[in-house]
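Visitor: I would like a close look at one part of this protein. Please take me through its nonpolar core, and then show me what else is worth a stop.

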Amino acid sequence: MTFRFEHLHLRSRDAVAAAGFYVETFGAREIAREGAPSVTRVVLDLSGLTLFIEHAPDAGPAARPPNRGIEHIGLAVDDIESTVADLKRRGVAFVIDITDVRPGLRTAFLDGPDGVRIELLQRG
């Protein structure tokens, strides 16, 4: 048996606005919008990760880290200092600033739409 990663599925009170965050903040590329006349799902390519963002206005509240299940999305960067500085200049707030976790690993965390925690990490 062979398994391959296919997609990550998020639920949002406003799928279009949430998708806009990933496009503007991380350079994701919108692949498709589904549903008519109103959008029910936006599909993004986030550096090779297929992200489904489903419109779910009646979904329960977002989990608060640390939580069970999916705890965060991790995005690798080459230069965490300049990446965090750029995002802060663009108004992105971080819940945990740059942290030296151990030699060769630096991280920072922010919250995206609908309580999705996002880790930026630099290895090396």
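Guide: Start with the core itself. This is a predicted model. The largest nonpolar core has 28 residues. Five of them touch the most other members: Tyr22, Phe26, Leu51, Ile53 and Leu120. Find those five in the structure, and you have your bearings.

Many elements feed this core. At least two residues each come from β1, α1, β3, β4, β5, α2 (80-89), β7 and β8. The largest share comes from α1, with 6 residues. As a general point, nonpolar side chains in soluble globular proteins tend to be buried together.

Now stay with helix α1, which covers residues 15-26. Two of the five names sit here. Tyr22 and Phe26 are 4 residues apart in this helix, so about one helical turn separates them. How exposed is each one? Tyr22 has a relative accessible area of 2%. The cut-off for buried is under 20%, so Tyr22 is buried. Phe26 comes out at 18% relative accessibility. That value is also under 20%, so Phe26 counts as buried too.

Next, look at the rings. A pair of aromatic rings is described by the distance of the centres and the angle of the planes. The whole structure holds 3 aromatic pairs. One of them joins Phe21 and Tyr22. Their centres are 5.3 Å apart, and their planes meet at 85 degrees. That pair is edge-to-face. Both Phe21 and Tyr22 are buried. Tyr22 also pairs with Phe26. Here the centres lie 6.3 Å apart and the planes stand at 40 degrees, so this pair is tilted. Put the rings together: Phe21, Tyr22 and Phe26 form one aromatic cluster.

Another ring has a charge for company. The charged end of Arg41 sits over the ring of Phe52. The distance to the ring centre is 4.5 Å.

Now turn to the largest pocket. Its volume is about 500 Å³. It is lined by 22 residues. Those nearest its centre are Arg11, Ala62, Ala63, Asp114 and Val116. Strand β1 (residues 8-12) gives the largest share of the lining, 5 residues. By class, the lining has 11 nonpolar, 6 polar and 5 charged residues.

Pause at Asp114, one of those residues nearest the pocket centre. Asp114 lies in the loop between β7 (105-111) and β8 (117-123). Its phi is near 60 degrees, a positive value in a residue other than glycine. At 31% relative accessibility, Asp114 is partly exposed.

Ser47 also has a positive phi, near 55 degrees, and is not glycine. You will find Ser47 in the loop between β3 and β4. Its relative accessibility is 73%. Exposed means over 50%, so Ser47 counts as exposed.

Finish with the cis peptide bonds. One runs from Ala36 to Pro37, with omega near 5 degrees. Pro37 is in the loop between β2 (29-34) and β3 (41-46). Another joins Pro65 and Pro66, with omega about -5 degrees. Pro66 belongs to the loop between β4 (49-55) and β5 (73-76).

Key. Residues numbered from 1 in each chain as written. Predicted model: local features only at pLDDT ≥ 70, side-chain atom pairs only at ≥ 80, totals over all residues. Heavy atoms only, no water. Phe/Tyr/Trp six-rings, centres within 6.5 Å; stacked < 30°, edge-to-face > 60°. Buried < 20%, exposed > 50% of the residue type's maximum accessible area, 1.4 Å probe, protein only. Lys NZ or Arg CZ within 6 Å of the ring centre and 35° of its normal. 1 Å grid on protein atoms, 1.4 Å probe; cavity = no way out; pocket = protein on both sides within 12 Å on 5 of 7 lines; lining within 4 Å. Points joined across faces, edges and corners; volume = space filled by probe spheres on them. Nonpolar A, V, L, I, M, F, W, Y, C, P; charged D, E, K, R; others polar. Core = buried A, V, L, I, M, F, W, Y, C linked by side-chain atoms within 4.5 Å.
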